[in-house]
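The following exercises are to be worked through with the sequence and the structure at hand. Each task is followed by a stepwise solution.

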Amino acid sequence: MAKRAAPEVNAGSMADIAFLLLIFFLVTTTIETDSGINRKLPPMEESDEDVIIKQKNIFTVLLNGKDQLLVEDELMELKDLRKAAREFLDNGGDGSCNFCKGKRDPASSDNPDKAIISLANNRETTYKTYIAVQNELVAAYNELRDARAEALYGKSFAEMESNYKDVNWPGNKEKLKEKIDQIKLDYPQKLSEVQE
Amino acid sequence: MSKFKKKKGGDIPAVNTASLPDIVFMLLFFFMVATVMRQNTLMIENNLPFANQVEKLDKKDLVMYIYAGKPSANYKQYGSSARIQLNDKFADVKEIASFINAERASKREELVPFLTTALKVDSDANMGLIGDIKQELRKVNALKINYTTKKGSVFNNN
């Protein structure tokens, strides 16, 4: 019996089939946004003891139903908020904070550890304004932490954190964690929220 | 009698398309690998606000998604005020607790403390709804939240 050569399959339409699949995947692909502002909610427990906080250590930010911003009883534009928050946090009024670069105004916050930002919003406030304000306040903290990290370790805080998360980073992670914690201790994020 | 006669007939040879399937397959594989299938069909408008102080959510399987916003054009019958969507349907604020518990039950026990709740909320929603959601989350002790945003300047928001 003579061995017959198998007839060649016509592959001319392969490109068409591949195109069809390609277009399907092109259309169904959505680039998912998976980044955002991380926050931690306070736990539900009722504390009986009243903590007494001096008025000068609280930086009140009020957002009303018309998306207007009231900071320390004065109307403010969103673009000025970051600077105002920075000045408040970095004030160092009681002199115990030796790295603060603020004005040491005795009427403002004592030190970054005691300084609290209180954010109050109305039910009618729109989400985008709220996010914008959150973003600016977080930015104020991040800028201060960056400056502090730069002064202590010659690297920005953001860089240190991204190194810590990077699996391929060659350095010593435990030491890096200590440094990060030190900076978080110097400028703790104390942001309390109220809804009216 | 020139020896260097011009070649007759300017016939352009056909472009060889034999490698076209290879190129298309390459693209196809890229998109197949890069595609993340949507878990939920959105029934709401979901135009996320902008922010630039963002952190990445790295572990996708440890994220619970809560959507909120105005019902989109196809679901007008559900009214025009912002609503919550859990999985594939509209939900009430009270259903958040059971949703969180169901999500927790579906994960391995040692991973439960690392679960994050991602709030994907439309920029025009009002804070009343968000406040209610946050209150519910506090009740079930799901304290790690993430306001999902697009990257960009906050001044783009308005």
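**Exercise 1: A helix of chain A**

Compare the expected span of α3(A) with the distance between its end C-alpha atoms.

Solution. At 1.5 Å a residue, the 27 residues of α3(A) should span 39 Å, the expected span being 1.5 Å times one less than the number of residues. The end C-alpha atoms of α3(A) are 37 Å apart, which agrees. Helices here are DSSP runs of H or I with at least four residues, and strands are runs of E with at least two, numbered from the N terminus.

The model is predicted: local features need pLDDT of at least 70, side-chain atom pairs count only at pLDDT 80 or more, and totals for chains, interfaces and linings use all residues. Residues are numbered from 1 along each chain as its sequence is written, with chains lettered from A and ligands numbered from 1 in the order in which they are written.

**Exercise 2: Enclosure**

Is α3(A) largely enclosed or exposed?

Solution. Of its 27 residues, 19 are buried (20 or more other C-beta atoms within 10 Å of the residue's own, C-beta atoms being placed from the backbone). Helix α3(A) is therefore largely enclosed by the rest of the structure. A:Gly154, with a positive phi near 70°, follows this helix.

**Exercise 3: A strand pair in chain B**

Identify the bridge partner of B:Ala68 in β4(B).

Solution. Strands β3 (residues 63-69) and β4 (residues 83-86) of chain B run antiparallel and are joined by 3 bridges; pairing requires at least two DSSP bridges. Within β4(B), B:Ile84 is the partner of B:Ala68.

Key. Buried ≥ 20, exposed ≤ 12 C-beta atoms within 10 Å, placed from the backbone.
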